[in-house]
Amino acid sequence: MISPTPPRYRDRHEAAVASRFDALAHRFRDEVARDDFRLMAALRHLGPVAGRRVLDLGCGKGRFAARLAERGASVIGVDASAAMLGVARGRGVAVAKGSARRLPIGDDCVDLILSIEVIEHIAPPELPDALAEAFRVLRPGGRLVVIDKNAASLDPIRPWLPAVLVKRIDERRGRWMYPPDSNARERWFWPGRVPSLLRSAGFVDPKTEPIPCPVEREAKVFRWFPAARRFVAWSASKPGGPR
C-alpha cells in the first residue's frame, strides 16, 4: 500500500518540478511534428477529437494541444510551469496554471484527457490523487490517455542494457533533467502498474500499447519484443455516458 505523503512534501516536490521546467524551458522544442509517434499513438487511443473538449494535462508549451486543435478539438492546457505556459499562451492555446492533483476545472467538464510524459514527474504517492482528479473532470464515457516511459524498456542506443540502469547512472552524473540532490526525479512505470492504478481510480477498459520511437527502429529487438520499447500508451474510460 502507498502511504500518504505529508502536504509539505507534496508542495515541495511540485515546486521543485515546476522550478526545473521554468529553468529549462528553452531546451524543450516549440513544435511537434504532425506525424510524431506519440501524437499518432494518442490519436489512436483518443479516437475522433473534432468537436470534443480535450484537456492536455501537463501541456508544457502546448505542442500537442496545438496539433489537437488543428484537428478540430477544443483544447485547454494545464501545467505547473509558468515559463512553459507562457509559450503555449503565446501560440493561442487556452491554458491554466495548476497541479495534476488539484485541477482548476469543474466536474465532468471534458470529453477527453491527454497526458504525455507527465506522470513520470509526479511523486508516486500522489499519482492516485492525480488520477482521481482526472476521473473527476472527465465526463461519463470520456477517455484518458497517458503516454510515458516504460520501466521495463531496454536502452535504445545500447539495447543490451536496461534503460532504467542507464538513466540512474546518468542521473548520478548530473546528465538528467533533475540535479542529483533534487527531491524530484523522473520515475518510470512498469506496464502493468498503470492499468492497476487506473482501475483503482474508477476507470474501466484499460488498454496498454508499447509504442516504438524513431531511435528504436535500427534494433530488431524492439520489433521482436515490443515490451522492451521506451514508451507505452495507456488508456481507459470513465464509466457511463450515452447508451
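Trainee: How do the residues lining the second largest cavity divide into nonpolar, polar and charged?
Mentor: This is a predicted model: local features need pLDDT of at least 70, side-chain atom pairs count only at pLDDT 80 or more, and totals for chains, interfaces and linings use all residues. Residues are numbered from 1 along each chain as its sequence is written, and side-chain values use heavy atoms, without hydrogens and water. Ala, Val, Leu, Ile, Met, Phe, Trp, Tyr, Cys and Pro count as nonpolar, Asp, Glu, Lys and Arg as charged, the others as polar. The lining has 5 nonpolar, no polar and no charged.

Trainee: What is the volume of the largest cavity?
Mentor: On a 1 Å grid over the protein atoms alone, a cavity is a set of points where a 1.4 Å probe fits but cannot get out; lining residues have an atom within 4 Å of a point. Volume is the space filled by probe spheres set on the points, which are joined across faces, edges and corners. There are 2 cavities of 30 Å³ or more. The largest has about 60 Å³.

Trainee: Which element gives the largest share of its lining?
Mentor: Helices (H or I, at least four residues) and strands (E, at least two) are DSSP runs, numbered from the N terminus. H5 and S5 each supply at least two lining residues. The largest share, 4 residues, comes from H5.

Trainee: How many residues are in the largest nonpolar core?
Mentor: Such a core joins buried (under 20% relative accessible area, 1.4 Å probe, protein chains only) Ala, Val, Leu, Ile, Met, Phe, Trp, Tyr and Cys residues through side-chain atoms within 4.5 Å. Leu-127, Leu-144 and Leu-198 are among those touching the most other members. The core has 30 residues.

Terms used
Buried < 20%, exposed > 50% of the residue type's maximum accessible area, 1.4 Å probe, protein only. 1 Å grid on protein atoms, 1.4 Å probe; cavity = no way out; pocket = protein on both sides within 12 Å on 5 of 7 lines; lining within 4 Å.
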